[in-house]
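User: Could you take a close look at the ligand site for me? I'd like one connected account of what surrounds the ligand and how it is contacted.

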Amino acid sequence: MTPFDFVRPHSLSQAVALLDPDDPHVLPVGGATALIQMMKVGVLRPTRLVFLDRVEALHSEIRVDAQGNLHLGGLARLSALEHSSLVQQGWPVLTRALHNLANVRVRNVATVGGCMAHADPHMDLPPILAALGAHAVVLGPTGERVVSIEALHLGYYEVALARNELIAKVVVPPMGPKLAAYSKVTTRVKHDWPALGLAVSVALADDGCLREVSLVLGAVMDKPTRLVSVEDMLRGTRPDDKVLREAGAVAAASLDIVGDTHGSASYKKQLLRTYIGRTVRVALGAAHEGIAQ
Ligand SMILES: Cc1cc2nc3c(=O)[nH]c(=O)nc-3n(C[C@H](O)[C@H](O)[C@H](O)COP(=O)(O)OP(=O)(O)OC[C@H]3O[C@@H](n4cnc5c(N)ncnc54)[C@H](O)[C@@H]3O)c2cc1C
């Protein structure tokens with residue numbers, strides 16, 4: 001490992017000032033769970049690390065505002081989300097997904113900001129947060145801006161952030177009448193990296209037809225991918241077996257899926273065919289059973 005400076009600012013704006021818009025070797029650090037791995041294999045060779053662990057506590061807050069939006073501080077640990085009663089009550093799909101994300105040692109140190117900025121397309125939370133319509137609040141030298149989680153990821157390890165911008169928080173809208181589920185399909189243990197991740201958020205109209213549909217995939221392309229054509233196809237329909245089977249077939253046919261060490265492209269396509277219907281059914285079932293996935 002090459003030597004590097006290590007700085008620990010006390011505020012997020014100080015942290016921004018310590019980053020360098022022109023130098024890719026100056027990097028922020030949340031929990032370091034991803035960054036250290038990449039340093040060990042030589043993918044990243046930083047000259048300065050801006051460690052965010054001493055930044056003011058307000059950036060670790062998990063709270064619900066007067067409009068019912070969930071605010072997840074960029075420095076909140078994933079284990080704090082996992083055990084938050086606010087998250088469990090209002091957004092249980094996140095709680096359930098967190099139980100199977102990596103392991104307790106990773107969740108105890110990994111942060112919301114690091115989790116969003118790492119941009120490995122296999123990650124579990126970005127597809128869920130995109131399906132729920134969440135956005136990131138990003139702090140840079142000239143102030144804050146908002147980026148939808150869907151627009152945040154550009155490709156493998158690529159995010160729509162300048163080198164001197166930080167994720168200050170993630171805001172998730174209230175679920176309202178929506179029901180959500182996430183299927184994490186692994187080939188080994190259940191908390192492994194997924195061969196397929198599928199996040200579903202749906203709302204039913206009074207006549208039992210799907211009024212709102214949001215489907216976002218992880219682990220099959222180079223970034224979380226919304227299944228727009230399948231959403232359009234499902235909206236306004238009654239989600240019976242035939243409709244869901246057709247949706248699975250259309251989803252599998254519409255994507256140029258990339259195989260990886262977790263599964264070949266054809267295996268992932270087969271998973272997709274099956275899991276569209278399965279995950280929509282689990283989301284809808286959650287209304288009656290209080291569980292999903
Ligand atoms: C053994 C293991 C198993 C794993 N399994 C899973 C899994 O099953 N599912 C899953 O989803 N993930 C999994 N992960 C990945 C894990 O979720 C990430 O490592 C973690 O979320 C990264 O968060 P961090 O705070 O440690 O980020 P760091 O490692 O500190 O940083 C990651 C990246 O984000 C940048 N960054 C950090 N904070 C900010 C910020 N506030 N603003 C902007 N940029 C920032 C860093 O510069 C770096 O580029 C696994 C990781 C490990 C080590």
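Analyst: Happy to. Please keep in mind that this is a predicted model. A good place to start is with the secondary structure around the ligand: β2 (26-29), α7 (112-118) and β10 (166-172) each supply at least two residues of the shell. Of the elements, α7 gives the most, with five residues.

Taken as a whole, the ligand is surrounded by 28 residues, and the closest of them are Pro28, Gly31, Thr33, Thr111 and Asp124. By residue class, the shell is made up of 17 nonpolar, eight polar and three charged residues.

Now to the polar side of the site, where backbone atoms come into play. At Ile167, a backbone N or O atom lies 2.9 Å from a nitrogen atom of the ligand. Gly114 places a polar backbone atom 3.5 Å from a nitrogen atom of the ligand. For Cys115, a backbone N or O atom is 3.5 Å from an oxygen atom of the ligand. As for cover, the ligand on its own has 970 Å² of accessible area, and the protein covers 89% of that.

To sum up the site, the shell draws on β2, α7 and β10, with α7 as the element that contributes the most residues. Within that shell, 17 residues are nonpolar, while backbone atoms of Gly114, Cys115 and Ile167 lie at the distances given above from nitrogen or oxygen atoms of the ligand.

Key:
Residues numbered from 1 in each chain as written. Predicted model: local features only at pLDDT ≥ 70, side-chain atom pairs only at ≥ 80, totals over all residues. Heavy atoms only, no water. Near = heavy atom within 4 Å. Polar contact = N/O pair within 3.5 Å; in protein donor to acceptor, adjacent residues only side chain to side chain. Areas by Shrake-Rupley, 256 points an atom, 1.4 Å probe, with all protein chains shown as cover. Helix = DSSP H or I, 4+ residues; strand = E, 2+ residues; numbered from the N terminus. Nonpolar A, V, L, I, M, F, W, Y, C, P; charged D, E, K, R; others polar.
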